[in-house]
Amino acid sequence: MNSNQEQNNEDTMDVDKTNSEEIKIDEQTIEIEDRYKFGWSNYSEITNGRFAMLGFLAIILIELISQKSFLNWAGIF
C-alpha cells in the first residue's frame with residue numbers, strides 16, 4: 001500500500017511540474033496537409049461538406065423560385 005501512495009505522489013508531482021512549466025510547440029513541426037488523398041482525409045471531408053452546403057442551398061433556391069417543395073418539383077412526391 002505504501003508503494004501505491006508513493007506512485008500516486010510521484011504522478012501528482014509530475015502533473016504539477018508539467019502544469020507549471022510552459023509547454024512550447026515548434027511551429028515548424030505543425031503541418032496541415034491541404035492535398036487530395038484517397039480515402040478518409042481532412043481535405044476530402046472539407047470538400048464533401050462544401051458540396052453538401054451548395055446542394056442544400058440549391059434546394060432552398062429551387063423551393064423559393066418555384067413555390068413548390070423540392071420533392072414535388074422533382075416529381076418524387
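Helix α2 comes out at just the length it ought to have in this predicted model. With 25 residues at 1.5 Å a residue, α2 should span 36 Å, and its end C-alpha atoms do sit 36 Å apart, so the two values agree. The helix covers residues 42–66, and right after α2 comes Gln 67, with a positive phi of about 60°.

Two residues of α2 show how differently its positions can be placed with respect to solvent. Ser 44 belongs to this helix and has a relative accessible area of 18%, so it counts as buried, the cut-off being under 20%. Leaving aside residues up to four places away in sequence, Ser 44 touches Tyr 36, Lys 37 and Gly 39. Ile 65, also in α2, is a different story: its relative accessible area is 72%, and because anything over 50% counts as exposed, Ile 65 falls in that class.

Ile 65 doesn't sit out there by itself, either. Together with Phe 56, Leu 57, Ile 60, Leu 61 and Leu 64, Ile 65 forms a nonpolar patch on the surface, and these residues add up to about 630 Å² of accessible area. As a rule, an α-helix has 3.6 residues a turn, so residues three or four places apart point the same way.

As for the chain as a whole, it has 3 helices and 0 strands, running α-α-α from the N terminus on. Of its 77 residues, 3% count as buried. The chain exposes about 7700 Å², with carbon and sulfur atoms supplying 57% of that area.

How values were computed. Residues numbered from 1 in each chain as written. Predicted model: local features only at pLDDT ≥ 70, side-chain atom pairs only at ≥ 80, totals over all residues. Heavy atoms only, no water. Helix = DSSP H or I, 4+ residues; strand = E, 2+ residues; numbered from the N terminus. Buried < 20%, exposed > 50% of the residue type's maximum accessible area, 1.4 Å probe, protein only. Contact = heavy atoms within 4.5 Å. Expected span 1.5 Å × (residues − 1). Patch = residues over 30% accessible without salt bridge, like charges linked within 9 Å, V, L, I, M, F, W, Y side chains within 5 Å. Areas by Shrake-Rupley, 256 points an atom, 1.4 Å probe, with all protein chains shown as cover. Salt bridge = Lys/Arg side-chain N within 4 Å of Asp/Glu carboxyl O.
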